[in-house]
Amino acid sequence: MLPVITDSAPAPAGPPRSVRRAEVADRDWHNWRWQLRNMLTTAEELAGVVDLSIGERDGLSASAHLFRVGLTPYYASLMDPRDPTCPIRMQAIPRAAELDIRAEELRDPLGEDTHHPAPCVIHKYPDRALLLVVDRCAIYCRHCNRRRLVGGDAPPTTDDLDAGLEYLARTPRIRDVLISGGDPLLMTTEKLAGIVGRLRAIPHLETIRIGTRIPVVCPMRVDDELCAALRRFAPVFINTHFNHAKELTPESRAACERLVDHGIPVGNQAVLLRGINSSTRSLRALFRGLLRSRVRPYYLFQGDTVIGTDHLRTPVDAAIELYGSLRGWMSGMCIPHLVIDAPGGGGKLPIGPDYIVERHADRVVVRTYRGQLVDYPEARDKDVTVAYDRVFFAGVPEDDDREGGDELAAL
Ligand code: SF4
């Protein structure tokens with residue numbers, strides 16, 4: 001079994017433990033192991049930090065068997081204690097609507113289980129693969145698309161992980177591995193660095209990414225030791241998951257900046273969640289705040305069709321309209337790709353406003369972000385061949401552009 005620091009051991013018998021910020025000693029609050037040991041998992045515990053609404057109480061009792069509940073005291077401290085529409089509450093506390101499951105909702109909306117060539121590995125795209133190293137998280141997000149896999153009690157074994165790594169090593173098409181789960185940053189630094197080190201030793205793996213919500217929900221985990229350990233295996237990228245500007249606290253921003261200071265680029269994959277961030281104002285504040293925190297907005301996902309999440313999905317037309325209220329109105333550096341991850345494993349498909357409104361032989365008519373129609377003259381020559389490819393990629397197979405000729409090797 002992989003040693004994962006997620007033992008949600010029952011609270012010791014005795015008076016109820018306090019998880020309110022004001023009642024916890026600083027040394028505990030800033031200790032990530034304390035945060036994980038003291039995750040809130042029950043209605044009684046949540047009622048100690050917020051005034052639970054009837055809808056939340058119903059959701060907590062009704063959805064218990066559907067997908068577990070859990071969040072760190074740190075993340076709970078961000079909740080508005082009185083307002084159940086708080087975006088932190090809506091991401092962490094279930095509503096009864098989770099049980100209102102539609103026929104088209106799926107346990108495995110992205111078809112990952114059919115692209116599962118080895119234990120711990122999902123290999124859906126030609127040159128990228130997922131390595132699932134843990135099954136626990138520091139929050140159980142109500143919109144999670146992998147709820148069938150996380151929050152269980154069957155973490156990957158060492159043998160599973162070895163088999164997964166062997167598959168990656170014998171599959172040279174894979175250049176990019178995303179370490180995911182669950183949340184890989186729940187592992188000890190030593191164990192995580194061990195996995196990253198084994199990946200880095202595979203010659204054809206160019207990029208190693210780690211998907212994690214830890215900077216959002218347990219930023220104290222991102223300490224110098226972790227950052228320094230990951231730095232040794234550069235390039236390593238972090239993909240994190242902020243969904244609302246309320247999550248951009250001084251602590252979470254410092255965690256992201258610590259990673260960046262150690263040479264680890266941080267990108268953000270947000271989910272467009274109805275009633276949580278589905279407004280122009282929310283999205284602009286989120287993406288601008290991320291950029292100020294040195295985090296690059298990367299994806300904005302339409303919600304996946306996973307069971308029990310229909311109430312959190314945003315209609316596609318509304319999503320496109322929202323996206324149109326971002327592009328052009330704020331720096332392109334702030335604008336993520338709006339994508340639908342196609343059900344069944346079709347992959348990520350960008351969607352957005354159609355900026356080309358007419359096509360002619362000699363021009364296209366484009367619509368600007370302000371709604372003006374402008375002619376864009378077509379180029380007269382249509383041949384787009386790059387003649388120098390014959391030199392630069394001499395001797396390289398057509399479907400393999402990793403290496404050029406001597407020119408690239410000399411760069
Ligand atoms: S942290 Fe990620 S994997 Fe875990 S519940 Fe949230 S969305 Fe799912």
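In which loop is the place of Pro-235? Pro-235 sits in the loop between H10 and E5, where helices (H or I, at least four residues) and strands (E, at least two) are DSSP runs numbered from the N terminus. The views below come from a predicted model, in which local features need pLDDT of at least 70, side-chain atom pairs count only at pLDDT 80 or more, and totals for chains, interfaces and linings use all residues. Residues are numbered from 1 along each chain as its sequence is written.

**View 1. Cis peptide bonds at Pro-235 and Gly-182.** The bond from Ala-234 to Pro-235 is cis, with omega near 0 degrees. A cis peptide bond also joins Gly-181 and Gly-182, with omega about 20 degrees, and Gly-182 belongs to the loop between strand E3 (176–180) and helix H8 (189–200).

**View 2. The shell around the ligand.** Gly-182 is one of the residues surrounding the ligand, together with Cys-137, Ile-139, Tyr-140, Cys-141, Cys-144, Arg-146, Val-150, Asp-183 and Arg-213; a residue is counted here if its C-beta atom, placed from the backbone, lies within 6 Å of the molecule. This shell divides into six nonpolar, one polar and three charged residues, with Ala, Val, Leu, Ile, Met, Phe, Trp, Tyr, Cys and Pro taken as nonpolar, Asp, Glu, Lys and Arg as charged, and the others, Gly among them, as polar.

**View 3. Helix H11 and its buried side.** Helix H11 (residues 250–261) has 12 residues and reaches 16 Å from its first C-alpha to its last, close to the 16 Å expected at 1.5 Å a residue, a span reckoned as 1.5 Å times one less than the number of residues. Its buried residues are Ser-252, Arg-253, Ala-255, Cys-256 and Leu-259, where buried means 20 or more other C-beta atoms within 10 Å of the residue's own, exposed 12 or fewer, and partly exposed in between, with C-beta atoms placed from the backbone. These residues lie on the same side of H11 because they cover an arc of only 155 degrees around the axis, the arc being that of the directions from the helix axis to the C-beta atoms.

**View 4. Positive phi at Cys-120 and Arg-294.** Cys-120, in the loop between H6 and strand E1 (121–122), has a phi near 70 degrees, and Cys-120 counts as buried because it has 26 C-beta neighbours inside 10 Å. Arg-294, in the loop between helix H12 (280–292) and strand E7 (296–302), has a positive phi of about 70 degrees, but with 14 C-beta neighbours inside 10 Å Arg-294 counts as partly exposed.
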